Amino acid sequence: MNIAYWIVAGLLALFYFYSGTLKVSRSRDQLRPMMAWVDRVPLPALRALGTVEMLGATGLILPPLTGIAPSLALAAAIGFVLLQTGAIAVHLTGEDRRITLNVGLTATAAVTVWLATLR
């Protein structure tokens, strides 16, 4: 199960670190083709969301790797489940109804939660 955790958590962390970096560093115009919902969120909230994603990605990897507060990895995975639940709500209440990626990320984060409890 340890290897499974590292594979799933590593992929999830890569996705969220990349996504968070984009939200922190790019303008709305650059993000709009990838994320149709960016106009519905204030820019400071978008930047904060990107920061939270980057911190969560770090939380999936660093605590278990160093052995310092490894329960933070479980908290980060639960946070990603909650984040994607909110993302699905944002997509469904707006004009953008594409939630396939969000459902997949929710499932992946849920698997990460399960694997983190087995560690």
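Two rings of Phe, Tyr or Trp (for Trp, the six-membered ring) form an aromatic pair if their centres lie within 6.5 Å, and the pair is called stacked when the planes are under 30 degrees apart, edge-to-face when they are over 60 degrees apart, and tilted otherwise. The model is predicted, so that local features need pLDDT of at least 70 and side-chain atom pairs count only at pLDDT 80 or more, while totals for chains, interfaces and linings use all residues. Residues are numbered from 1 along each chain as its sequence is written, and side-chain values use heavy atoms, with hydrogens and water left out.

**Exercise 1. Aromatic pairs**

Task: Find how many aromatic pairs the whole structure holds, and determine how the rings of Tyr16 and Phe80 are arranged.

Solution. Step 1: A search of the whole structure gives three aromatic pairs. One of them joins Phe15 and Tyr16, whose ring centres are 5.4 Å apart with 85 degrees between the planes, an edge-to-face arrangement.

Step 2: The ring centres of Tyr16 and Phe80 are 3.8 Å apart and their planes stand at 5 degrees, so this pair is stacked. Because Tyr16 belongs to helix H1 (residues 2–25) and Phe80 to helix H4 (residues 71–93), the pair ties together parts that are 64 residues apart in sequence. Helices here are DSSP runs of H or I with at least four residues, numbered from the N terminus.

Step 3: For accessibility, buried means under 20% relative accessible area, exposed means over 50%, and partly exposed lies in between (1.4 Å probe, protein chains only). Tyr16 is buried at a relative accessible area of 0%, Phe80 is buried as well, and Phe15 is partly exposed at 30%. Through ring pairs, Phe15, Tyr16 and Phe80 are linked into a cluster.

**Exercise 2. Salt bridges**

Task: Identify which residue forms a salt bridge with Lys23, and state which residues are linked in a network of salt bridges.

Solution. Step 1: A salt bridge requires a side-chain nitrogen of Lys or Arg within 4 Å of a carboxyl oxygen of Asp or Glu, and the structure holds three of them.

Step 2: The partner of Lys23 is Glu53, with the closest N and O atoms 2.8 Å apart. Lys23 lies in helix H1 and Glu53 in helix H3 (residues 43–66), so that distant parts of the chain, 30 residues apart, are linked. Lys23 counts as buried at 5% relative accessibility, and Glu53 counts as buried at 4%.

Step 3: Arg32 meets Asp29 at 2.7 Å, N to O, and forms a salt bridge with Asp39 in which the closest N and O atoms are 2.8 Å apart. Asp29, Arg32 and Asp39 are thereby linked in a network. Asp29 is exposed at 55% relative accessibility, whereas Arg32 is partly exposed at 31% and Asp39 is partly exposed at 46%.

**Exercise 3. Nonpolar cores**

Task: Establish how many residues the largest nonpolar core has, and list the contacts of Phe80 beyond its neighbours within four places in sequence.

Solution. Step 1: A nonpolar core is a set of buried Ala, Val, Leu, Ile, Met, Phe, Trp, Tyr and Cys residues joined through side-chain atoms within 4.5 Å. The largest such core has 17 residues, and those with the most contacts inside it are Tyr5, Leu12, Tyr16, Leu60 and Phe80. Helices H1, H3, H4 and H5 (100–118) each supply at least two of its residues.

Step 2: With contact taken as heavy atoms within 4.5 Å, and with neighbours within four places in sequence left aside, Phe80 touches Leu12, Tyr16, Glu53, Gly56, Ala57, Leu60 and Ala109. Glu53 in this list is also the salt-bridge partner of Lys23.

**Exercise 4. His91 and Ala69**

Task: Decide whether His91 counts as buried or exposed, and state the sign of phi at Ala69.

Solution. Step 1: His91 is found in helix H4 and counts as buried at 9% relative accessibility. Apart from neighbours within four places in sequence, His91 is in contact with Trp37, Asp96, Arg97, Arg98, Ile99 and Asn102.

Step 2: Most residues other than glycine have a negative phi. Ala69, however, has a positive phi, near 50 degrees. Ala69 sits in the loop between H3 and H4 and is partly exposed at 37% relative accessibility.
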